[in-house]
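Okay, everyone, thanks for coming. I'd like to walk you through a few local spots in one model, so let me put it on the screen.

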Amino acid sequence: MENRQNDLKNQPKKKNNILVKTAIIGVVSGLIGGGISYAAFDQINNAQNNQAQTSISSNNAKISKNSAKTSGAMTGAYDHVKGAVVSVINLKRQSSSNSNDIYGLFSNRSSKSNKLETYSEGSGVVYMKSNNKGYIVTNNHVVSGSDAVQVMLANGKTVSAKIVGTDATTDLAVLSIDAKYVTQTAQFGDSKSLQAGQTVIAVGSPLGSEYASTVTQGIISAPSRTIETSSGNQQTVIQTDAAINPGNSGGALVNSSGQVIGINSMKLAQSTDGTSVEGMGFAIPSNEVVTIVNQLVKKGKITRPQLGVKVIALNGIPEEYRHRLNIESALNNGIYVASVSKGSSAAKAGIKAQDVIIKVDGKKVSDVASLHSILYSHKVGDSVNVTVNRNGKGVNIKVTLQGN
């Protein structure tokens, strides 16, 4: 994706660390983002901190020996992942002018030296240990354009990493390191079980490895938000108000059980009219992460079948916004087809704008991630049965999938 947060580009120039506006289409994200449910807000601080007792002396203040060890509600969750969250270092060979070439004195020609320097830094999560390798998921934009990649482990040791595979569409990448360096792996949780208002923490390296293992806390602002990127792709993401800053990309969004339920990817720092925005970070849902990383490890790339439609998940859209989005369906669940690309699989099969996709292969779909999960289990050329609600009636359509 082209709309990712800037991860400490040109790291040596520390004064140039700035937040870059993510190019999220304002109309889509703005309209759908109207209502946030805080029904589950009472989950916050379920475990209360023990209060330390202090004794007062007439001469000096003292710390009582009876002071209890305090513990935040999410400390246990952090302990489950702290050894698995790493810093990812993008290294590039530096360009230099070719002084040995006489023509170089009169031109702008340059050559790359053998010296590798840090170009940018992000975060990553060690999620598996297999075949004498440790596997790390991060963002594609963290390692994009690198000449080499290093990983700084939680213990501060820096090791070389290999890129196993990347996927620009979902902005995910998988790295591998020698398994002997892996001391902890993170566990993925079910992102479909998320609820607005539940407590989460973001773990990563904001502003680079200097601030590795930084933890920020927030809530799930929206468990499933469909956004359109600057490249025209649609992506379903988790919205959170946990602080996500440059360098957090590729890090973990963690639930109270210590499970990774999202990979932090981007933030909205400014609206289309220039208004500053706070507390709007986005993470790739864990269910989609698992699907993608498994394919990357197996094949090194993603060849995905697609319908060729632009869609909006009906679940969670307030009634007052339906008119603005031209949604005429009275259904509360399903995938609303906003438009159909000319010549696409959907167009050839007869799917139309304003249809609501309710099932694929007999399985209910309620968000874009679930639609993708079913489609990605197929190969290009496969046929799938798509059930749509059209003008209140169910219609079964056979679709032959084309590739991206």
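Quick definition before we start: two strands count as paired if DSSP finds at least two bridges between them. And keep in mind that this is a predicted model.

So, strand β9, residues 199-204. How many bridges join β9 to strand β12? There are 3, and the two strands run antiparallel, with β12 covering residues 252-254. If you want one position to click on, take Ala 202, which sits opposite Leu 253 in β12.

Now, is β9 buried or exposed? 6 of its 6 residues are buried, so the strand is largely enclosed by the rest of the structure. Look at the two faces: Thr 199, Ile 201 and Val 203 are on one side, Val 200, Ala 202 and Gly 204 are on the other, and all of them are buried.

Next, helix α7, residues 368-375. This one is mostly covered too, with 7 of 8 residues buried. Among those buried are Val 368, Leu 371, His 372 and Leu 375. Zoom in on the start of the helix: a side-chain oxygen of Asp 367 comes to within 2.7 Å of the backbone nitrogen of Ser 370. Ser 370 is itself one of the buried residues of α7.

Last stop, Gly 362. You'll find it in the loop between β18 (356-360) and β19 (363-364). Gly 362 has a relative accessible area of 57%, and the cut-off is over 50%, so it counts as exposed. Which residue should you look at alongside it? Try Asn 385: the two are 23 residues apart along the chain, and their C-alpha atoms are separated by 7.4 Å.

Notes: Residues are numbered from 1 along each chain as its sequence is written. This is a predicted model: local features need pLDDT of at least 70, side-chain atom pairs count only at pLDDT 80 or more; totals for chains, interfaces and linings use all residues. Side-chain values use heavy atoms; hydrogens and water are left out. Helices (H or I, at least four residues) and strands (E, at least two) are DSSP runs, numbered from the N terminus. Buried means under 20% relative accessible area, exposed over 50%, partly exposed in between (1.4 Å probe, protein chains only). A polar contact is a pair of N or O atoms within 3.5 Å; within protein, one must be able to donate a hydrogen and the other to accept it, and residues adjacent in sequence count only if both atoms are side-chain atoms.
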